[in-house]
Number of protein chains: 2
Amino acid sequence: MSNTPPTRIVLIEDNQEYRDVIKLALAEVEDLELEEKFGTCEIALRYLQDLSNKRPDIILLDLRLPGMLGLEAIPFIKDYSPKTKIIVLTLSDSESDVLNAISLGASGYLLKSATLDEIVSGIRAVQNGAATLDPSVAHFLLQKLKKHIPQNALGIELSQRELEILTLLGEGLVKKEIADQLGIGYTTVDTHVRHIYEKLQVRNAPSAVGKAYKLGLFNDE
Amino acid sequence: MSNTPPTRIVLIEDNQEYRDVIKLALAEVEDLELEEKFGTCEIALRYLQDLSNKRPDIILLDLRLPGMLGLEAIPFIKDYSPKTKIIVLTLSDSESDVLNAISLGASGYLLKSATLDEIVSGIRAVQNGAATLDPSVAHFLLQKLKKHIPQNALGIELSQRELEILTLLGEGLVKKEIADQLGIGYTTVDTHVRHIYEKLQVRNAPSAVGKAYKLGLFNDE
DNA sequence: TCCGTTATCCCGTATTCACGTGATACGCCT
DNA sequence: AGGCGTATCACGTGAATACGGGATAACGGA
């Protein structure tokens with residue numbers, strides 16, 4: 001236990017009080033080490049950019065900061081210190097903040113209403129390659145996901161070739177170009193397209209592409 | 001505190017040992033009450049169907065059960081007791097189990113590696129209208145979501161009319177049908193479509209539909 | 001006041017599509 | 001041995017598309 005190096009943490013948070021709360025909380029945990037804390041992204045990024053500093057394992061990142069916002073800083077953090085995992089720790093439970101943080105690659109999203117225990121176990125989870133989400137954020141994401149998970153198993157299955165051709169169609173190639181690219185004849189492509197229409201029960205290419213997206217036929221790769 | 005009724009919990013789990021562990025754990029928590037525990041879905045569903053029984057607030061549901069699988073039971077639970085929230089509690093972290101559980105409307109997904117504290121706080125979160133996810137499940141879902149969140153803000157914006165027409169195109173209508181449905185002329189539709197192609201930088205309808213999905217232009221409604 | 005965006009409408013044409021109606025061949029399952 | 005799905009190829013035709021090149025009108029910002 002004691003020979004594994006502690007998890008190195010950097011806190012970016014402008015509120016002095018909350019900063020101190022976190023500092024005291026982490027000080028009590030043996031294998032977590034609060035390396036630095038910063039009040040703005042600008043200063044934090046300068047620290048990360050300095051090659052003489054060791055890279056932290058985890059960054060706890062507030063979003064509403066004076067100057068550069070936390071979300072804006074994420075790409076720079078990823079750039080300067082690619083291996084550092086980011087846990088957003090903020091008051092905001094706005095949908096767009098959550099979605100942006102995720103698409104920018106955050107490994108966790110906690111609210112400041114979280115207990116210190118939850119923050120510590122969140123850090124441990126992320127350090128182990130997992131993720132941590134505030135329950136209310138998780139609820140929001142589950143609702144979001146429910147809509148985006150296609151229930152594809154309606155017996156509709158395209159062959160590999162058909163999916164290939166449909167993909168190219170959706171990318172803008174005309175049948176002749178698809179034939180050339182696949183090294184097959186035009187009429188073959190035409191036949192495949194007809195089969196696709198039958199299976200998807202559509203009558204033309206735009207709706208075939210649309211239905212394929214709705215059914216999630218493109219999801220798997 | 002003590003005048004709020006306890007959260008009523010039902011456990012569906014075939015492993016005798018784990019069932020007892022949960023029973024003992026919940027017995028120690030004041031505001032949680034393990035109402036019943038069942039070894040199979042069939043028996044549990046019979047209990048839920050019996051109108052003389054009170055409906056539980058939470059069901060902890062294992063997936064790998066003798067007879068009917070946990071996932072199969074979810075729609076029946078939703079039917080017999082719509083207000084009951086379901087937390088999946090299983091060994092399986094298979095992607096399809098997670099996705100199926102979510103699309104069937106589970107409010108939580110915990111693994112049996114979870115500590116009893118995590119299970120209790122998960123129950124509390126769900127009872128409060130939030131959700132609970134095992135960190136490794138959360139990680140998987142975040143990765144999944146990252147792909148599905150489009151970064152639409154590339155300056156590409158269709159007018160309302162254009163989006164309307166593109167939607168209908170993706171549903172399989174030909175330009176003439178779109179014109180009739182919108183009560184405008186064929187040439188007007190044609191012009192709109194040209195503008196759509198310009199904005200999306202494509203040359204035909206299938207790729208316009210494809211690109212719209214990729215950019216998430218259909219996401220907002 | 002002028003320009004950009006949006007929405008509406010028109011003509012003509014070469015290209016492409018959708019589809020009816022075929023064919024051959026391979027593998028798999030029964 | 002026969003059937004089913006897949007992949008390949010072919011011809012012809014009417015329908016639809018993509019696009020060049022126009023136009024008018026309303027609205028709002030520069």
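# Reading pockets, symmetry and DNA contacts

Me: What volume of space lies in the second largest pocket, and how do I read a pocket at all?

Reply: About 740 Å³ of space lies in the second largest pocket. The general idea is that rolling a probe the size of a water molecule over the atoms shows where empty space is left. Here a pocket is an open set of points on a 1 Å grid over the protein atoms alone, where a 1.4 Å probe fits, with protein on both sides within 12 Å along at least five of seven lines; lining residues have an atom within 4 Å of a point. Points are joined across faces, edges and corners, and the volume is the space filled by probe spheres set on them. Before going on, note that this is a predicted model: local features need pLDDT of at least 70, side-chain atom pairs count only at pLDDT 80 or more, and totals for chains, interfaces and linings use all residues. Residues are numbered from 1 along each chain as its sequence is written, chains are lettered from A and ligands numbered from 1 in the order in which they are written, and side-chain values use heavy atoms, with hydrogens and water left out.

Me: Which residues are closest to the centre of the second largest pocket?

Reply: Of its 30 lining residues, A:Glu118, A:Ser121, B:Asp117, B:Glu118 and B:Ser121 are closest to the centre. Two or more lining residues come from each of helix 5 (116-127) and strand 6 (132-133) of chain A, and from helix 5 (116-127), strand 6 (132-133) and helix 6 (135-148) of chain B. Helices (H or I, at least four residues) and strands (E, at least two) are DSSP runs numbered from the N terminus. By class, the lining has 15 nonpolar, nine polar and six charged residues. Ala, Val, Leu, Ile, Met, Phe, Trp, Tyr, Cys and Pro count as nonpolar, Asp, Glu, Lys and Arg as charged, and the others, Gly among them, as polar.

Me: How is chain B laid on chain A?

Reply: Copies are superposed by least squares on C-alpha atoms of residues with pLDDT of at least 70 in both. In this model, a turn of 179 degrees and a shift of 0.1 Å along the axis lay chain B on chain A with an RMSD of 0.7 Å. The two copies are thus related as by a two-fold rotation axis. Within chain B, the C-alpha of B:Pro206 comes closest to that axis, at 2.3 Å.

Me: Which residues come nearest to DNA strand C?

Reply: A residue is near a strand if one of its heavy atoms lies within 4 Å of it. For DNA strand C, 18 residues qualify, and A:Arg194, B:Ser159, B:Gly185, B:Thr188 and B:Thr191 come nearest. Helix 9 of chain B gives the most to this surface, with six residues.

Me: What polar contacts does DNA strand C have, for example with B:His192?

Reply: A polar contact is a pair of N or O atoms within 3.5 Å. A polar side-chain atom of B:His192 is 2.9 Å from a phosphate oxygen of DNA strand C, and a polar backbone atom of B:Gly185 is 2.4 Å from a phosphate oxygen. A base nitrogen of the strand is 3.3 Å from a side-chain N or O atom of A:Asp190.

Me: And which residues are closest to DNA strand D?

Reply: Among the 18 residues surrounding DNA strand D, the closest are A:Ser159, A:Gly185, A:Thr188, A:Thr191 and B:Arg194. A:Thr188 has a polar side-chain atom 2.6 Å from a phosphate oxygen of DNA strand D. Helix 9 of chain A gives the largest share of this surface, five residues.

Notes. Polar contact = N/O pair within 3.5 Å; in protein donor to acceptor, adjacent residues only side chain to side chain.
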